[in-house]
Amino acid sequence: MGMAASQARLLSLTARMTDNENSGQDISYSKIRLSQQTEQANKDYLAALDATKLTVLTGFDGSTEVYTDISYGLMTGYNTVACGLQYVVTDKDGKVLVTDAQKKAFEAGNGDLNKFLSELGYSQANIDVTADGDASDEDKAIAQQKVHEAWDQYLTSVDLHYGDDEHGLDFGYTSFSGDSYDGYATYTLTDLNTGATETKALNYEGTTKEQRELYDYAVALTEAYYGKSGTINNKKTAANPENASYVQYLTNIFNKMASSGYYTEQNTAETIKDNKWFEKQLREGNLLLEYYSTTERKFVSTSIDSDSSIQEVEDEREIARIEREYQNTLTDLEAKDNKFDLELRKLDTEHSALQTEYDAVKNVIDKNVEKSFTIFS
């Protein structure tokens with residue numbers, strides 16, 4: 001091999017050895033990163049083993065309490081929490097989170113409880129007898145008396161008097177007027193002796209929550225009894241005790257919406273059915289819980305930490321999922337590490353071969369140089 005060729009070969013070998021060493025360093029750095037990823041995976045795994053979830057008391061199996069994963073539906077549903085309390089969910093400003101159906105009913109009612117209930121298929125009227133129905137005269141008389149007493153209480157509360165000494169609505173003289181619910185509080189009084197009629201508008205004239213409740217109840221009874229045939233029969237009335245309890249549940253929601261404001265989440269139906277989303281919002285304090293106090297007659301604050309119906313437990317399914325992910329991560333990291341080891345062994349073999357050839361070529365060059373100096377010396 002000539003001197004020039006030997007030197008060219010030596011330069012080529014030097015470049016390849018440098019590339020070889022750089023590749024080895026890159027792989028070594030990659031192995032260090034893999035080691036760091038493995039260490040982080042171990043830390044994440046150990047932390048995740050403490051995964052918990054919030055559950056709600058939903059019943060009993062004999063004497064054993066039954067808890068179910070917390071959700072918006074469970075916390076705000078009718079009789080879904082076994083303690084018997086009614087809950088609402090609010091934002092930080094106190095506005096109550098409601099369903100699309102509740103929002104639409106409230107807005108359709110424009111602040112009217114009876115219309116709100118009607119939109120949801122219910123009436124607070126606790127009679128199921130109508131003036132033009134098939135009930136007996138005795139049952140009709142009982143229903144009429146309930147209507148009379150309801151108006152009597154409301155009118156007394158606002159110091160109003162209509163007609164006679166008992167402040168109006170003498171039955172047999174009264175009929176519900178209007179073809180639509182726009183005529184809620186307009187009634188026709190007929191004097192049976194003279195046939196003269198007079199329309200009276202019994203509009204709400206109170207100022208307190210109690211007066212409004214008396215008025216709404218009187219309107220509901222009047223609507224139920226004097227409404228056109230079939231009008232009230234399409235609604236579930238509070239005459240059924242089960243319905244009465246649900247009507248109270250809806251009424252509490254209505255009052256909360258009216259007093260505190262309300263909102264719905266974007267894509268409410270999908271969002272609030274997401275248990276993970278709901279629990280995360282509760283834990284982060286973006287959503288708050290309140291329960292209805294029958295003694296205070298309003299919703300009062302509670303929390304996931306203090307409420308006896310809520311408990312935090314080990315999330316076995318989440319832990320099992322985390323373990324599977326951890327094992328998959330380790331398997332993937334180990335496969336990459338084995339691949340790097342194989343590449344390093346190949347580089348080591350290549351480096352040894354290059355080093356051997358490099359030494360041989362360098363030896364040839366050194367001898368040629370030595371020989372040249374001998375000739376010219």
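pLDDT is the predictor's confidence in each residue, on a scale from 0 to 100. This is a predicted model, so local features need a pLDDT of at least 70 and side-chain atom pairs count only at pLDDT 80 or more, while totals for chains, interfaces and linings use all residues. Residues are numbered from 1 along each chain as its sequence is written, and side-chain values use heavy atoms, with hydrogens and water left out.

The protein averages a pLDDT of 79, and 77% of the residues score at least 70. Residues 163-185 are a weak patch for confidence: pLDDT stays under 50 there. For that stretch the model has 60 contacts (heavy atoms within 4.5 Å) beyond four places in sequence.

Next come the open spaces. On a 1 Å grid over the protein atoms alone, a pocket is an open set of points with protein on both sides within 12 Å along at least five of seven lines, a cavity is a set where a 1.4 Å probe fits but cannot get out, and lining residues have an atom within 4 Å of a point. Volumes are the space filled by probe spheres set on the points, which are joined across faces, edges and corners.

The largest pocket holds about 620 Å³ of space. Of its 24 lining residues, Lys 209, Glu 213, Gln 248, Thr 251 and Asn 255 sit nearest the centre. Helix H7 (241-260) gives the most to this lining, with 10 residues; helices (H or I, at least four residues) and strands (E, at least two) are DSSP runs, numbered from the N terminus. The lining splits into 9 nonpolar, 7 polar and 8 charged residues. Here Ala, Val, Leu, Ile, Met, Phe, Trp, Tyr, Cys and Pro count as nonpolar, Asp, Glu, Lys and Arg as charged, and the others, Gly among them, as polar.

The second largest pocket has about 280 Å³. Its lining has 15 nonpolar, 5 polar and 1 charged residues, and the largest share, 4 residues, again comes from H7.

As for enclosed spaces, the whole structure has 2 cavities of 30 Å³ or more. About 60 Å³ lies in the largest one, whose lining includes Ala 220, Glu 223 and Lys 235. H4 is the top contributor, with 3 residues.

Helix H6 also lends residues to the largest pocket and the largest cavity. Its 18 residues (209-226) should span 26 Å at 1.5 Å a residue, and the end C-alpha atoms are 26 Å apart, which agrees; the expected span is 1.5 Å times one less than the number of residues.
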